[in-house]
Amino acid sequence: MKIIKIFKETISDGFGFRYSIYFSGCTHYCEGCHNHETWKGDIGRVLDEEYMDEIVGEINKNSMLDGVTLSGGDPFFNPIELLKFLKEIKARTHKNIWSYTGYTFETLLKDPVIRECLDYIDVLVDGKFQRVNYHPELYFRGSSNQRIIDVKESLENDQIITLEF
């Protein structure tokens, strides 16, 4: 699993003041993607134990952070590694976690490993970026087909609960 960039403080990748991590690798190939260099999954720094400690340290030192956001590429490109990452980041930071993905929530529920990943994610922005549905005035998403999903509420109620901003 590789990380291509980190924004230590941002307000554009979810509600509040966030620490955003961009992972390498994506198979969606969305037309108009603003991170197309991530598609192959072969760029960036390997997420090893030392890098994980560095990331956790940065998050925990910044008391102003509201949460952590995962983007890319697609964080679900390496689901087994993502699950390990999510378990550790949640346990060591106790932060709210948002994740972006080109998959739909319904598709993620079908894979047991990915389904377990959802237990550690608070909000999911799902769906491929669609240039035809691009609207620059949308909060926290690039195209109107993408949904901002309250994962915990959706899993508890067995129906998709979206958040509006």
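Q: Why is Glu 58 called partly exposed in this model?
A: This is a predicted model, and in it Glu 58 has a relative accessibility of 22%. Buried would mean under 20%, and exposed would mean over 50%. The value of 22% sits in between, so Glu 58 counts as partly exposed.

Q: What makes Glu 58 and Lys 8 a salt bridge?
A: Look at their closest N and O atoms, which are 3.1 Å apart. The cut-off is a side-chain nitrogen of Lys or Arg within 4 Å of a carboxyl oxygen of Asp or Glu. A distance of 3.1 Å passes that test, so the pair is a salt bridge.

Q: Why can you say that Glu 58 and Lys 8 tie together parts that are apart in sequence?
A: Check where each one lives: Glu 58 lies in helix α1, residues 49-61, while Lys 8 lies in strand β1. Those parts are 50 residues apart in sequence, so the pair ties them together.

Q: How do you know whether Lys 8 is buried, exposed or partly exposed?
A: Its relative accessible area is 45%. Exposed needs over 50%, and buried needs under 20%. Lys 8 meets neither condition, so partly exposed is the right label.

Q: How do you know that Arg 45 and Glu 54 form a salt bridge?
A: Same kind of check! Their closest N and O atoms are 3.4 Å apart, and the limit is 4 Å. So this pair qualifies as well. As for accessibility, Arg 45 is at 34% and Glu 54 has a relative accessible area of 34%, so both residues count as partly exposed.

Q: What makes Asp 53 and Arg 92 a link between helices?
A: They form a salt bridge, with the closest N and O atoms 3.0 Å apart. Asp 53 lies in helix α1 and Arg 92 in helix α2, residues 79-93, so the pair ties together parts that are 39 residues apart in sequence. There's a network here too: Asp 53, Glu 88 and Arg 92 are linked by salt bridges. Overall, the structure holds 9 salt bridges.

Q: Why is Phe 15 called exposed?
A: Its relative accessible area is 54%, and the exposed label needs over 50%. So Phe 15 makes the cut. You'll find Phe 15 in the loop between β1 (2-10) and β2 (18-23).

Q: Which residues make the nonpolar surface patch of about 370 Å²?
A: Phe 15 is one of them, together with Tyr 139 and Phe 165.

Key
Residues are numbered from 1 along each chain as its sequence is written. This is a predicted model: local features need pLDDT of at least 70, side-chain atom pairs count only at pLDDT 80 or more; totals for chains, interfaces and linings use all residues. Side-chain values use heavy atoms; hydrogens and water are left out. Patches are made of residues with over 30% relative accessible area and no salt bridge: like charges are joined within 9 Å, nonpolar side chains (Val, Leu, Ile, Met, Phe, Trp, Tyr) within 5 Å. Accessible areas come from the Shrake-Rupley method with a 1.4 Å probe; for residues, only the protein chains shown count as cover. Helices (H or I, at least four residues) and strands (E, at least two) are DSSP runs, numbered from the N terminus. Buried means under 20% relative accessible area, exposed over 50%, partly exposed in between (1.4 Å probe, protein chains only).
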